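Please examine the sequence and the three-dimensional view below before reading on. The paragraphs that follow lead through selected sites one at a time.

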Amino acid sequence: SHMAATKLPDAAFLPQLRELAEHTLSGWVLQALRACGDEPLARKLALEAIEAPLLAQDSGAIFRALYERAGVVSFLGELEDPKLFGNIDQLTRSEVLEEYREMLLGAAKAEGKEQYDFQVGALERMAILALARTSGSNAVPRLKEIYAEGDIGDRIVAAMGLYALGDDTGI
C-alpha cells in the first residue's frame, strides 16, 4: 500500500483499498486511500480509529493496536488540518497514555510475559509531531507544556516540533 500511496495513485485501486481498510487500518492504507482520491473516507476512518477505545486484549494485540494507532496519527498529521488539534492532542495526555500503558503491561503480566511499553511512547511522540504539523503556531503552547513536563524523548520531539514552527525552545 505504501507503493500505491507514493507511486501509483489511481482511483482504480479504491475498491481494493476500501476493502482492505475494513480489515486492516494502518497509516499506509489511509495514505493510499487519500492518494487515490478518497481523502474523506481516509479522514473518517482515521478519526474513528483514534476515537475508539483501545480494547483490553492479549498483550500482543494491544501492542499491535498501539502501533496501528501511531500510523493513523501520523496520517492525520499529514493532513495539516488545524481542526484536528483536539483529536490528536488527547494522545499526548498522560491520563490517556497511562491507561494504555497499564492495559499493555497488565495484559502481559497476566500472561506471564515480559512486555515493554515503548509503543505507548512511540504513539505519544507521533502525536506530538502531528500536533506541530496540524496546528502550526496554535500548537506552540501545548508543545511548550510537553517540553516542560515530558521525559527526555518527549522533550526532544517537542523541541523539534517547536523548532519547525520557528520557536527556539529547547535548542
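Leaving aside neighbours within four places in sequence, with which residues is Leu14 in contact? In this predicted model, the partners of Leu14 beyond that sequence window are Leu33, Cys36 and Asp38. Leu14 itself belongs to helix H2, which covers residues 14-23. Its relative accessibility is 8%, and Leu14 is therefore classed as buried, since the cut-off for that class is under 20%. A further reference point is Pro53, which lies 39 residues from Leu14 along the chain; the C-alpha atoms of Leu14 and Pro53 are 27 Å apart.

The next site is a loop residue. Glu80 is located in the loop that runs between helix H5 (59-79) and helix H6 (85-89). Most residues other than glycine have a negative phi. Glu80, although not a glycine, has a positive phi of about 50°. With a relative accessibility of 47%, Glu80 counts as partly exposed, because that class lies between the 20% limit for buried and the 50% limit for exposed residues.

The last site is on the surface. Which residues form a nonpolar patch there? The patch consists of Leu129, Ile152, Ile156 and Met160, which together have about 380 Å² of accessible area. Helix H10 (residues 152-164) supplies the largest share of this patch, namely three residues. Met160 is found in helix H10, and its relative accessibility of 48% places Met160 in the partly exposed class.

Note on methods: Residues numbered from 1 in each chain as written. Predicted model: local features only at pLDDT ≥ 70, side-chain atom pairs only at ≥ 80, totals over all residues. Heavy atoms only, no water. Helix = DSSP H or I, 4+ residues; strand = E, 2+ residues; numbered from the N terminus. Buried < 20%, exposed > 50% of the residue type's maximum accessible area, 1.4 Å probe, protein only. Contact = heavy atoms within 4.5 Å. Patch = residues over 30% accessible without salt bridge, like charges linked within 9 Å, V, L, I, M, F, W, Y side chains within 5 Å. Areas by Shrake-Rupley, 256 points an atom, 1.4 Å probe, with all protein chains shown as cover. Salt bridge = Lys/Arg side-chain N within 4 Å of Asp/Glu carboxyl O.
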